[in-house]
Amino acid sequence: MKNKTLLIAGNENSILTKRFKQLFVGKFDRIEITSGIKFDLKHIIGAFFKTKRLLKELKPDMIVLYQLNLTAFIVALAKKRSIPTLAVAIGSDVLVMPKRGFVFKAMLRYILKSSDAFNAVCPYLIEQMRQYAPKNANIVLANLGIELVKPATKENIVYSNRLHSPLYRIDDIIRAFANFVSKPEYVSWRLVVAANGREEELLSLVKELKIESKVSFVGWLSPEKNKEYYAKSKIYVSIPCSDGLPNSLMEAMSAECLTIVSDLPSYKGLIANGKNCLVVSDEEIAKADYIEKVLQMNEEELRLNNQQFLSEYADIETNRRKYWEIVDELLQPCS
């Protein structure tokens, strides 16, 4: 394929969008991510016309809507119907957005109606996406894949690197950790919280629980530093209220962390309690006594099960091949 241009509609500052872009390198001569446009309700009209100008300038042969949110909706409105379009669902876009009301549900339906190919990162998202996608849509299961993290000598660290919005329940992780280190046998453990948002609120909670010396807020980390924490942390915790199949979880598995996750529908058929990780219910999260339990699991069994899981779902080249096949199918008449 020669002289082909791909436009990815997504957050230009997101590491996930940048990694997604890399999956198409070698398939297109030019790959651009929507940039310099404020895709929010306040600037929706301006965003529409700026997108129109961007499309006129780039003349993309294909568009990918990476995350089916307001950005995807504006691009879907602005683009010509003749431009082949792939819609990619990654989690809250399909699981949460439609529940915000009729307008958001209608936006999602329009995005999918305007698309020609469909992708979701886990089986549960495929199931949910079918409620809004065109009838008999072929939804491909594929994700970003991950670069495996080589484990290092493990330290007594509980690691969390999800965003600090209420969705990810970092405050609940802090409470569970406080309960954990209150026991004499775990007094040497540390909690490392990466990413950002609500720092003042979370710091206040840490002070209230009197665990300031045991909790570190390390902010937004470079990929290298993030891998370093995966490698040396013994436990990884990710307990959002809603999610797809996060790369961070797979990266933690590859680093042989003992992983703790919330009981989400998106994990059904992929990972299982006691087989891949410790799955905790909302009731168990409220009790805040789950961190100790993951240390009682069979580490060798978890490691072997997760190696098999990662080879099936997280291999970068396998996922790249799936996306390239979608491109071939969409652009075949133009090749």
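Here is a chat between a trainee and a mentor about this predicted model.

Trainee: Before I start, what should I know about the model and its numbering?
Mentor: Residues are numbered from 1 along each chain as its sequence is written, and side-chain values use heavy atoms, with hydrogens and water left out. The model is predicted, so local features need pLDDT of at least 70 and side-chain atom pairs count only at pLDDT 80 or more, while totals for chains, interfaces and linings use all residues.

Trainee: Cool. How many residues are in the largest nonpolar core?
Mentor: There are 77 residues in it, and Phe20, Phe24 and Leu68 have the most contacts inside it. A nonpolar core is a set of buried Ala, Val, Leu, Ile, Met, Phe, Trp, Tyr and Cys residues joined through side-chain atoms within 4.5 Å. Buried means under 20% relative accessible area, exposed means over 50%, and partly exposed is in between, using a 1.4 Å probe and protein chains only.

Trainee: Which helix gives the largest share of this core?
Mentor: That is helix α3, residues 70–78, with six residues. Helices (H or I, at least four residues) and strands (E, at least two) are DSSP runs, numbered from the N terminus.

Trainee: And what is Phe20 in contact with?
Mentor: Leaving aside neighbours within four places in sequence, Phe20 is in contact with Ile8, Val64, Tyr66, Val88, Leu144 and Tyr323. Contact here means heavy atoms within 4.5 Å. Apart from that core lies another one, of 33 residues, with Phe177, Val237, Ala288 and Met297 among them.

Trainee: Why would such residues gather like that?
Mentor: As a general tendency, nonpolar side chains in soluble globular proteins tend to be buried together.

Trainee: I keep seeing Phe and Tyr. How many aromatic pairs does the structure hold?
Mentor: It holds 15. Rings of Phe, Tyr and Trp (its six-membered ring) pair if their centres lie within 6.5 Å; planes under 30 degrees apart count as stacked, over 60 as edge-to-face and the rest as tilted. Take Phe24 and Tyr323: the ring centres are 5.7 Å apart and the planes stand at 50°, so this pair is tilted.

Trainee: Where do Phe24 and Tyr323 lie?
Mentor: Phe24 is in the loop between α1 (15–22) and β2, and Tyr323 is in helix α14 (residues 316–331), so the pair ties together parts that are 299 residues apart in sequence. Phe24 counts as buried at 0% relative accessibility, and Tyr323 counts as buried at 1%. One aromatic cluster is formed by Phe20, Phe24, Phe28, Tyr66 and Tyr323.

Trainee: New topic, sheets! What is the strand order in the open sheet of six strands?
Mentor: The order is β2-β1-β3-β4-β5-β6, with parallel pairing. Two strands pair if DSSP finds at least two bridges between them. At the edges are β2 (30–33) and β6, each pairing on one side only.

Trainee: Can you zoom in on one pair there?
Mentor: Sure. Strand β4 (residues 85–89) and strand β5 (residues 117–120) pair in the parallel sense over four bridges, and Ala89 stands opposite Ala120 in β5.

Trainee: What about β11, and why is it called largely enclosed?
Mentor: Five of the five residues of strand β11 (residues 258–262) are buried, so the strand is largely enclosed by the rest of the structure. Leu258, Ile260 and Ser262 point one way from β11, while Thr259 and Val261 point the other way. Four bridges join β11 to strand β10 (residues 233–238), and the two run parallel. In that pairing, Ser238 stands opposite Val261.

Trainee: Next up, how many disulfides are there?
Mentor: The count is zero, where a disulfide is a pair of cysteine sulfur atoms within 2.5 Å. The sulfur of Cys122 is 14 Å from the closest cysteine sulfur, in Cys277, too far for a bond. Cys241 is in no disulfide either, as the nearest cysteine sulfur, that of Cys122, is 16 Å away.

Trainee: Are Cys122 and Cys241 buried or partly exposed?
Mentor: Cys122 counts as buried, at 0% relative accessibility, whereas Cys241 counts as partly exposed, at 43%.

Trainee: Last one: which residues have a positive phi without being a glycine?
Mentor: Among them are Gln67, at about 85°, and Asn136, at about 65°. Most residues other than glycine have a negative phi. Gln67 lies in the loop between β3 (62–66) and α3, and Asn136 in the loop between α6 (123–129) and β6 (139–141). Gln67 counts as partly exposed at 25% relative accessibility, while Asn136 counts as exposed at 72%.
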